[in-house]
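Work through these exercises with the model open. Each task is followed by a solution in steps.

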Amino acid sequence: MATPKGEQSICQARASVMVYDDASKKWVPIKPGQQGFSRINIYHNTANNTFRVVGVKLQDQQVVINYSIVKGLKYNQATPTFHQWRDARQVYGLNFASKEEATTFSNAMLFALNVLSSPDSGGKRFRPAGRKNSPKRYIFILQSTNTSQLWVLWGFVYVFQLNVTTIQVMIKLPYVPLNGI
């Protein structure tokens, strides 16, 4: 699936996309008869600082979810491999293929929620520091442990403190690339 101009995938994981059916009190596939794994991405639109969850079935490439992440969304890691969130109409769930993929997704989701609620972004444009014609935007993990990660994002170095339900920005410093890296 091609991404619109200005969007970047900040994570990818395999999961079954589910919704909670209030009538039967059970989790069911988001599209009836569509069981199996989807490729789930969180995309960040850097032009307007929005995020969305997009899921594409691995089997037939059909889009099964295209969900805008909003400030204040409540994200719950119910188990190490099953995570959920809700809006006014529906409760959504992702049943991940592995704990590692669930962790990758939750780190990106919590990062998106942190950015959206950050006073720096105010839910608006999020630009790298520096001049208008600054070099390309960098997004990569420099170092990762079970409790923290060091990321380079949009011209800043961030140290994130991780726990089960939140990511907290501990340090934010300008990033200056060396030798074009």
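**Exercise 1: Aromatic pairs**

Nine aromatic pairs are counted when rings of Phe, Tyr and Trp (its six-membered ring) pair with centres within 6.5 Å. Planes under 30 degrees apart count as stacked, over 60 as edge-to-face and the rest as tilted. The model is predicted: local features need pLDDT of at least 70, side-chain atom pairs count only at pLDDT 80 or more, and totals for chains, interfaces and linings use all residues. Residues are numbered from 1 along each chain as its sequence is written, and side-chain values use heavy atoms, with hydrogens and water left out.

Task: Which kind of pair do Tyr-75 and Phe-105 form, and where do they lie?

Solution:
- Step 1. The centres are 6.2 Å apart and the planes meet at 45°, so the pair is tilted.
- Step 2. Tyr-75 is in strand β6 (residues 75–77) and Phe-105 in helix α1 (residues 99–117), so the pair ties together parts 30 residues apart in sequence. Helices (H or I, at least four residues) and strands (E, at least two) are DSSP runs, numbered from the N terminus.
- Step 3. Tyr-75 and Phe-105 are both buried, meaning under 20% relative accessible area; exposed is over 50%, and partly exposed is in between (1.4 Å probe, protein chains only).
- Step 4. One aromatic cluster holds Tyr-67, Tyr-75, Trp-85, Tyr-92, Phe-96 and Phe-105.

**Exercise 2: Salt bridges**

Task: How many salt bridges does the structure hold, and which parts of the chain do they link?

Solution:
- Step 1. There are two salt bridges. The rule is a side-chain nitrogen of Lys or Arg within 4 Å of a carboxyl oxygen of Asp or Glu.
- Step 2. Arg-52 pairs with Glu-7; their closest N and O atoms are 2.7 Å apart. This pair links strand β4 (residues 50–57) to strand β1 (residues 7–21), 45 residues apart.
- Step 3. Arg-52 is buried at 14% relative accessibility. Glu-7 is buried too, at 12%.
- Step 4. Glu-101 and Arg-14 form a salt bridge of 2.8 Å, N to O. Here helix α1 is linked to strand β1 across 87 residues.
- Step 5. Glu-101 is buried at 15%, whereas Arg-14 is partly exposed at 38%.

**Exercise 3: A buried loop residue**

Task: Where does Asn-49 lie, and which side chain does the side chain of Asn-49 contact?

Solution:
- Step 1. Asn-49 is in the loop between β3 (38–45) and β4.
- Step 2. Asn-49 is buried, with 1% relative accessible area.
- Step 3. The side chains of Asn-49 and His-44 are joined by a polar contact of 2.7 Å. Such a contact is a pair of N or O atoms within 3.5 Å; within protein, one must be able to donate a hydrogen and the other to accept it, and residues adjacent in sequence count only if both atoms are side-chain atoms.
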